[in-house]
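Subject: Handover of a structure and notes on its contents

Dear colleague,

Please find below the structure that I am handing over to you. My notes on what was found in it follow directly after.

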Amino acid sequence: MIDNPTKIITIEDVMEMLAISSKKTIYTCIQQGKLNPINKDDWHIEGRYEFNIEDVVRLQEELKKPGLTTKEVARQLDISVTTVNKYIKQELLPAFQEEYRGINCYFVNEEDLDAFKRTHEVGRKPSKRHFYHSEQNIALFQLFVKKSEEKEQFARIISVEDPIMAVTEQHEEITLEELLHRGFEAAYEIESKKTITKEGLCYIRFQANSLCQITAL
């Protein structure tokens, strides 16, 4: 927080207040007359521009986003910005255009986005996290086995979201932590390979026993 009793701040303070990472943006605001240094004519004496904090607060209010950007909407819906723009053009998602930091952008009100979520089924992008947990090197439907002298016991991963869940032959759903505690081990190691992001179809065939090894066609 800026604590300056004289209310005179430097360009670095302005950048912090406006969440701007480039001095060039500040210079542009000065050229456009949106921000006026108090020492604009004799800044060379101090070797830097100085600003009245009240002027910066005013500009800060002007630069506030009037709504959610298409990028923020895309993040909330877990879809691409292109898809958000398509919904806007099709008038499925109410939006409005307004200039923000020198650029004419689309914005969406929070209430309109909430209403859209309630009334539309939005197709979400496939996420490798839904199929694979990289930290644990665990895949969806991965087979686990507990070897014993009497009979081997099997279990299979049914969810890789935290917490990772598995189901046993007795149809008992337990966490991975409990599975390992009971002495189960992965039936096979998952090799580290290049991730394929291209969409496609994968056919998986199970035998009568749902805990058998997966065969991918």
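I begin with strands β4 and β5: five bridges join β4 to β5 (residues 103-108), and the two strands run antiparallel. Within this pair, Gln97 stands opposite Tyr106 in β5. Please note that the coordinates are those of a predicted model.

These two strands belong to an open sheet of three strands, in the order β3-β5-β4, with antiparallel pairing. Its edge strands are β3 (68-69) and β4 (96-100), each of which pairs on one side only.

Overall composition

The protein has eight helices and 14 strands. Of its 217 residues, 29% count as buried. Among the contacts with a separation of 6 or more, 48% are accounted for by residues 24 or more positions apart.

The five-stranded sheet

An open sheet of five strands follows the order β11-β10-β9-β8-β12, and the pairing is antiparallel. The edges are formed by β11 (173-175) and β12 (185-186), each pairing on one side only.

Taking the neighbouring pairs in turn, β8 (residues 143-146) and β9 (residues 153-159) are paired in the antiparallel sense over four bridges. Phe144 has Ala155 in β9 as its bridge partner. The connection from β8 to β9 is a hairpin that runs through six residues.

Strand β9 also pairs with β10 (residues 165-168), in the antiparallel sense and over four bridges. Here Arg156 stands opposite Val167 in β10. The hairpin formed by β9 and β10 has five residues between the strands.

On the other side of β10, the pairing with β11 is antiparallel over three bridges. Ala166 has Ile174 in β11 as its bridge partner.

Ala155, which lies in strand β9, may merit a separate look. Is Ala155 buried or exposed? Its relative accessibility is 0%, so Ala155 counts as buried. The C-alpha atoms of Ala155 and Val167 are separated by 5.5 Å, although the two residues are 12 residues apart along the chain.

The contact between helices α5 and α6

Two packed helices are described by the angle between their axes and the distance between the axes. For helix α5 (residues 70-77) and helix α6 (residues 81-89), the axes come within 8 Å and cross at roughly 105°. Angles of 65 to 115 degrees count as roughly perpendicular, and α5 is therefore roughly perpendicular to α6.

Which residues of the two helices meet? On the α5 side they are Thr70, Lys71, Val73 and Ala74, and on the α6 side Val81, Val84, Asn85 and Ile88. By class, this contact of α5 with α6 has five nonpolar, two polar and one charged residues.

Thr10 and Ile38

Thr10 is placed in strand β1 (residues 8-10). With a relative accessible area of 15%, Thr10 is buried. Not counting residues up to four places away in sequence, Thr10 touches Arg48, Tyr49 and Phe51.

Ile38 is found in the loop between α2 (23-31) and α3 (43-46). Its relative accessible area is 46%, and Ile38 is therefore partly exposed. Leaving aside neighbours within four places in sequence, Ile38 is in contact with Ile8, Glu50, Phe51 and Asn52. Phe51 thus appears in the contacts of Thr10 and in those of Ile38. Ile38 and Tyr49 are 11 residues apart in sequence, and their C-alpha atoms are 7.7 Å apart in space.

Cysteines

How many disulfides does a search of the whole structure find? The search finds zero. Two cysteines may be noted for their accessibility. Cys29 has a relative accessible area of 8% and is buried, whereas Cys105 has a relative accessible area of 22% and is partly exposed. The cut-off for buried is under 20% relative accessible area, which is why Cys29, at 8%, counts as buried.

Yours sincerely

Key: Residues numbered from 1 in each chain as written. Predicted model: local features only at pLDDT ≥ 70, side-chain atom pairs only at ≥ 80, totals over all residues. Heavy atoms only, no water. Axes fitted to C-alpha atoms, helices over the stretch in contact; angles between N-to-C directions. Parallel < 35°, antiparallel > 145°, perpendicular 65-115°, else oblique. Contact = heavy atoms within 4.5 Å. Nonpolar A, V, L, I, M, F, W, Y, C, P; charged D, E, K, R; others polar. Pairing = 2+ DSSP bridges. Disulfide = S-S within 2.5 Å. Buried < 20%, exposed > 50% of the residue type's maximum accessible area, 1.4 Å probe, protein only.
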